[in-house]
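Colleague: I'd like to go through some of the labels used for this model and hear the reasoning behind each one. Could we take them in turn?

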Amino acid sequence: MIFKKLIYLLTISIGITACNSDKKLSVDKQNENTVNEIKQETPKVEADSIINFPQGRRIWIALKTTDQKKVAELIGLDKFELTNWKTGFSKIVGKNKFSSRVFITPIINNEWILVTGFDLPAIVSKDFEDFAEELSKTFDHFSYYYIGRETFGLAKANNGILERYIYYNDNSTITEKGNKTNAEKTTQLIGDLEQSRYSEKLTRAYKQSPSNFKNLLGNDEYIIGFDDEIYEVYTIPWPNRFYICKIAEQWSINPTTLIEDGATSEGLGLLGKTNYKYSN
């Protein structure tokens with residue numbers, strides 16, 4: 001009788017163990033499937049070779065550091081994803097703060113990080129000086145570059161002080177702070193800005209004899225306005241994107257000639273939107 005009971009208990013124990021084993025295999029299988037699903041939904045980002053910054057309108061800052069996460073923290077990038085050069089540039093195509101994101105590049109030449117995107121504070125924003133000075137307190141170098149259609153900007157800060165600021169507005173006004181740097185003194189303004197101004201003398205001459213007036217002046221030297229007013233056309237020395245990049249080359253590095261200059265990069269970059277801790 002006792003022997004039969006022992007056989008019965010042993011049979012039950014084996015059954016329970018087998019059941020638990022099946023459950024464990026089932027849970028392990030589920031976990032494995034979940035991990036595989038995550039891997040499929042989140043493809044691995046692979047580092048790629050360094051590329052030059054694309055031409056056109058752009059804002060970027062240069063920082064002498066290798067701490068990407070500290071950069072993200074200070075510019076207000078709360079959430080970000082890992083990205084490489086190609087994907088980073090493809091996702092910051094917006095031309096304003098609402099559609100653009102910020103790309104923090106991989107580490108360049110083991111010492112530089114560039115940050116680009118129109119989500120960065122504009123050089124004319126009210127908090128720009130605070131932005132420049134806070135970053136320059138943390139990193140050994142801070143410089144800022146802006147290329148618009150006919151508007152351009154440069155700024156340089158050191159040890160928490162905005163040492164140089166210059167903004168070229170497309171209405172031909174220039175706002176600046178600090179003294180010209182050596183880079184600015186030795187780099188020619190290789191662009192020009194077309195302007196016009198009303199001329200009472202030319203207007204009077206045109207109204208007296210339009211045919212003679214047109215024979216005296218070329219068509220590209222004047223504009224006829226309302227009520228036959230004549231505006232004299234002239235150009236003034238002005239920056240262009242090549243000028244801004246030449247200054248960048250001397251202040252930090254030129255992002256449009258990274259490949260030609262033999263620059264190297266390490267790891268991945270970061271991509272995200274800022275929380276606008278600085279106004280834009």
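Modeller: Happily, and please keep in mind that this is a predicted model. Strand 1, residues 58-64, is mostly covered, as six of its seven residues are buried.

Colleague: What makes strand 1 and strand 6 a pair?

Modeller: Two strands pair if at least two bridges are found between them. Six bridges join strand 1 to strand 6 (residues 142-147), so the requirement is met, and the two run antiparallel. Ala-62, for example, stands opposite Ser-143 in strand 6.

Colleague: And how do you know that strand 1 pairs with strand 5?

Modeller: By the bridges again: there are five of them between strand 1 and strand 5 (residues 112-116), in the antiparallel sense. In strand 5, Trp-112 is the bridge partner of Lys-64.

Colleague: Which strands form a hairpin with five residues between them?

Modeller: Those are strand 8 and strand 9. Strand 8 covers residues 161-168 and strand 9 residues 174-177, and they pair over four bridges in the antiparallel sense. Tyr-165 stands opposite Lys-177 in strand 9. In the turn, Ser-172 has a positive phi of about 80 degrees.

Colleague: Let's move to charges. Why is the contact of Glu-184 and Arg-164 called a salt bridge?

Modeller: The cut-off is 4 Å between a side-chain nitrogen of Lys or Arg and a carboxyl oxygen of Asp or Glu. The closest N and O atoms of Glu-184 and Arg-164 are 3.0 Å apart, so the pair qualifies. Glu-184 lies in helix 5 (residues 182-186) and Arg-164 in strand 8, so the pair ties together parts that are 20 residues apart in sequence.

Colleague: Are Glu-184 and Arg-164 buried or exposed?

Modeller: Buried means under 20% relative accessible area. Glu-184 has 5%, so it is buried, and Arg-164 has 1%, so it is buried too.

Colleague: What makes Lys-273 and Asp-119 a salt bridge?

Modeller: Their closest N and O atoms are 3.6 Å apart, and the limit is within 4 Å. This pair links distant parts of the chain: Lys-273 is in the segment after strand 14 and Asp-119 in the loop between strand 5 and helix 4, 154 residues apart. Asp-119 counts as buried at 1% relative accessibility, whereas Lys-273 counts as partly exposed at 33%.

Colleague: How many salt bridges does the rule give?

Modeller: The count comes to 10. One of them joins Lys-91 and Glu-81, at 3.7 Å from N to O. Glu-81, Lys-91 and Arg-101 are linked in a network of salt bridges.

Colleague: Why is Lys-91 called partly exposed?

Modeller: Partly exposed is the range between buried, under 20%, and exposed, over 50%. Lys-91 has a relative accessible area of 31%, so that is where it falls. Glu-81, at 34%, is partly exposed as well.

Colleague: How do you know that Asp-192 is exposed?

Modeller: Asp-192 has 53% relative accessibility, and exposed means over 50%, so the label applies. Asp-192 sits in strand 10 (residues 191-198). Together with Glu-150, Asp-170 and Glu-194, Asp-192 forms a negative surface patch.

Colleague: And what makes Ile-244 buried?

Modeller: Ile-244 has a relative accessible area of 0%, which is under 20%, so it is buried. Ile-244 lies in helix 8 (residues 241-251). Ile-244 and Phe-152 are 92 residues apart in sequence, with 7.7 Å between their C-alpha atoms.

How values were computed
Residues numbered from 1 in each chain as written. Predicted model: local features only at pLDDT ≥ 70, side-chain atom pairs only at ≥ 80, totals over all residues. Heavy atoms only, no water. Patch = residues over 30% accessible without salt bridge, like charges linked within 9 Å, V, L, I, M, F, W, Y side chains within 5 Å. Areas by Shrake-Rupley, 256 points an atom, 1.4 Å probe, with all protein chains shown as cover. Lys, Arg positive; Asp, Glu negative; His and termini not counted. Charge placed at Lys NZ, Arg CZ, Asp CG, Glu CD. Buried < 20%, exposed > 50% of the residue type's maximum accessible area, 1.4 Å probe, protein only.
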